[in-house]
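Biologist: I would like a close look at one part of this model, and I would be glad if you could explain each term as you go.

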Amino acid sequence: MTDAHTTTPSLSRRVFGAAILSMLLVGASSAGATAFKAGVFDPPRQAPDFSLQGSDGHELRISLFRGKVVLLAFGYSSCTEVCPVTLATFAQARRKLGAAAANVQVVYVTVDPQRDVPEHLKKFLAAFDSTFIGGTGTEAQLGTVRKQYGVTATKIPYEDSYTYAHSSFTYLIDRTGRIRALMPYGHSPGDYANDLSILLKE
Amino acid sequence: MLAALAGSALGALAWGAMAPIHADSRDRIFEIPRGTWARRMSGDKVEILPDHIRLTLGVRDVLVLRNRDAVPQIFGPTLMMPGQSFQLPFEQPAVYTFTCTAHASGQMIVSVDPYPANPWARISWRTQELWWRARLFTTHLWYRSRL
């Protein structure tokens, strides 16, 4: 958070009034004109860079993938519901893209550093697609990354173990490293392929 | 007099049931006004985004979130920078659940209804729209009264 900003009541009133008026009038700003299946940010912001341990044994930074389109997701390998579906969807989307998939990089950052050590992440991700790269680090490092990306992860005790409730969306980052879109959980490989194609053509 | 009123009511009902649904925009817009964060910090409970949003396929099926405040905000499912907007289209009628730390429940639900194709659905949609606009107006009055 940056510093708080204060305004005079009269200014606030005018600004809020204008906002309400614009909503009442239902301005024709988009009319569903976007070709993206994902939610689109305007203006896009630069993806915050980070330094984590990559599942390939090297340092993982998001800035390493400039020139490629990145799918950035957060989860953990023991996840039984969301993550397997999301990662399988990524793999199918890449297959749909054919040769163009060489310019798409999937980055999967764990929320469970205790179990998701680099070697384990590598094995887990390879089951979906050998090009996927995972990232792990200390609790503090991963917490910082999640905060930068607005991602939540809550550890929940389960019997003699634990599970996580975590954000299930995926960020789409363009070739210049800007966060262009956010795909909610549940979209099809075709939707991903559609949006990736748009970004790859830029 | 009574007959005229009844005739008008029936006419309005017939129009509501039969006239095709048309919207100038498919956006359902929610904005964080400037100064919201400061108000929250001073203890004012400012609710911008309801925890349950209803959209209608083909008519009002694009969720638009805008952060007009001067600080980053978690808004719906995402972190938004000052001045940034987020436009999320929906293409399937369903109930979508998003994690949203801005709500006490920790969730935001978006219900996307099918296109109102029959008379009853059209009346229902128009009633909801009227209710929505009335709610916006009363929210505006409430906000002004807090200033």
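In S6(A), which residue is the bridge partner of A:Tyr108?

Modeller: The bridge partner of A:Tyr108 in S6(A) is A:Gly134. Before going further, please keep in mind that this is a predicted model, in which local features need pLDDT of at least 70 and side-chain atom pairs count only at pLDDT 80 or more, whereas totals for chains, interfaces and linings use all residues. Residues are numbered from 1 along each chain as its sequence is written, while chains are lettered from A and ligands numbered from 1 in the order in which they are written.

Let us begin with the strands around this pair. Helices (H or I, at least four residues) and strands (E, at least two) are DSSP runs numbered from the N terminus, and two strands pair if DSSP finds at least two bridges between them. Strand S5 (residues 104–110) of chain A and S6(A) run parallel and are joined by three bridges. To get from S5(A) to S6(A), the chain passes through helix H3 (residues 118–126) of chain A, and this β-α-β crossover is right-handed, a word that applies if, with the strands pointing away from the viewer, the path from the first strand over the helix to the second runs clockwise. S6(A) also pairs with strand S2 (residues 52–54) of chain A, but here the two run antiparallel and are joined by two bridges, with A:Gln53 standing opposite A:Thr136.

Next, consider the two faces of S6(A). In a regular strand the side chains alternate between the two faces of the sheet. In strand S6 (residues 133–136) of chain A, A:Ile133 and A:Gly135 lie on one side and A:Gly134 and A:Thr136 on the other, and they are all buried, so that both faces are covered. A residue is called buried if 20 or more other C-beta atoms, placed from the backbone, lie within 10 Å of its own, exposed if 12 or fewer do, and partly exposed in between.

Now return to A:Tyr108 and what surrounds it. Two residues are in contact if their C-beta atoms, placed from the backbone, lie within 7 Å. Leaving aside neighbours within four places in sequence, the contacts of A:Tyr108 are A:Ala73, A:Gly75, A:Leu87, A:Leu125, A:Phe132 and A:Gly134, so its bridge partner A:Gly134 appears here again. A:Tyr108 also belongs to the largest nonpolar core, which has 67 residues, and it is one of those with the most contacts inside that core, together with A:Val70, A:Leu71, A:Phe90, A:Val107, A:Leu172 and A:Ile173. A nonpolar core is a set of buried Ala, Val, Leu, Ile, Met, Phe, Trp, Tyr and Cys residues joined through C-beta atoms within 7 Å. Strand S4 (residues 69–75) of chain A gives the largest share of this core, namely six residues.

S4 and S5 of chain A also help to cover a helix. Helix H5 (residues 189–201) of chain A has 13 residues and reaches 18 Å from its first C-alpha to its last, close to the expected 18 Å, where the expected span is 1.5 Å times one less than the number of residues. Its buried residues are A:Tyr192, A:Ala193, A:Asp195, A:Leu196 and A:Leu199, and what covers the buried residues of H5(A) includes S4, helix H2 (82–97), S5, strand S9 (170–173) and strand S10 (178–183) of chain A.

From A:Val107, a residue of that core, we can step to a loop. The C-alpha atoms of A:Arg61 and A:Val107 are separated by 9.7 Å, although the two residues are 46 apart along the chain. A:Arg61 sits in the loop between strand S3 (59–60) and S4 of chain A, and it is partly exposed because 14 other C-beta atoms lie within 10 Å. Not counting residues up to four places away in sequence, A:Arg61 touches A:Asp49, A:Phe50 and A:Ser51.

For contrast, A:Glu159 lies in the loop between strand S7 (153–158) and strand S8 (161–166) of chain A, and it counts as exposed because it has 6 C-beta neighbours inside 10 Å. A:Glu159 has a positive phi of about 50° although it is not a glycine.

Finally, the setting of this part is a chain with five helices and ten strands. Of the 202 residues of chain A, 42% count as buried, and among its contacts between residues at least 6 apart in sequence, 70% join residues at least 24 apart.
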